[in-house]
Amino acid sequence: MGVTRLKRKDRRNKTTSRVEVQFLSLGSNVELGSRSKMKKSNQIVKNDAILNQLVLEAK
């Protein structure tokens, strides 16, 4: 049996829903504790560090 190919809109829906779920899981991860800490390699953590550094330099 051949592999069925997704139409363009279905491929787009698949990727956008995956990205939305990832975004929501990152945004809702606000509980205190060691298991809810974000990894240091996470882009959000890197962005926060850079923004905090820029705020300190601006003062």
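The expected span of a helix is 1.5 Å times one less than its number of residues. Helix α2 of this predicted model puts that rule to use. It has 16 residues, so the expected span is 22 Å. The C-alpha atoms at its ends are 23 Å apart, which agrees.

Now step back to the whole chain. It holds 2 helices and 0 strands. The helices are α1, covering 8-27, and α2, covering 43-58, with a loop between them. Of the 59 residues, 3% are buried. The chain exposes about 6,200 Å². Carbon and sulfur atoms supply 58% of that area.

Next, look at the loop where it meets α2. N42 is found in this loop. Is N42 buried or exposed? Its relative accessibility is 19%, so N42 counts as buried; the cut-off for buried is under 20%. N42 also has a role at the helix end: it caps the N-terminal end of α2. Which atoms make the cap? A side-chain oxygen of N42 lies 3.2 Å from the backbone nitrogen of I44.

Now follow α2 to its nonpolar surface. I50, L51 and L54 make a nonpolar surface patch there of about 290 Å². L54 lies in helix α2. Its relative accessible area is 47%, so L54 is partly exposed. That class lies between the limits of 20% and 50%. One general point helps in reading the patch. An α-helix has 3.6 residues a turn, so residues three or four places apart point the same way.

Two sites on the path are worth a second look. One is N42, with its side chain set against the backbone nitrogen of I44 at 3.2 Å. The other is the patch made by I50, L51 and L54.

Definitions and conventions: Residues numbered from 1 in each chain as written. Predicted model: local features only at pLDDT ≥ 70, side-chain atom pairs only at ≥ 80, totals over all residues. Heavy atoms only, no water. Helix = DSSP H or I, 4+ residues; strand = E, 2+ residues; numbered from the N terminus. Buried < 20%, exposed > 50% of the residue type's maximum accessible area, 1.4 Å probe, protein only. Areas by Shrake-Rupley, 256 points an atom, 1.4 Å probe, with all protein chains shown as cover. Polar contact = N/O pair within 3.5 Å; in protein donor to acceptor, adjacent residues only side chain to side chain. Patch = residues over 30% accessible without salt bridge, like charges linked within 9 Å, V, L, I, M, F, W, Y side chains within 5 Å. Salt bridge = Lys/Arg side-chain N within 4 Å of Asp/Glu carboxyl O.
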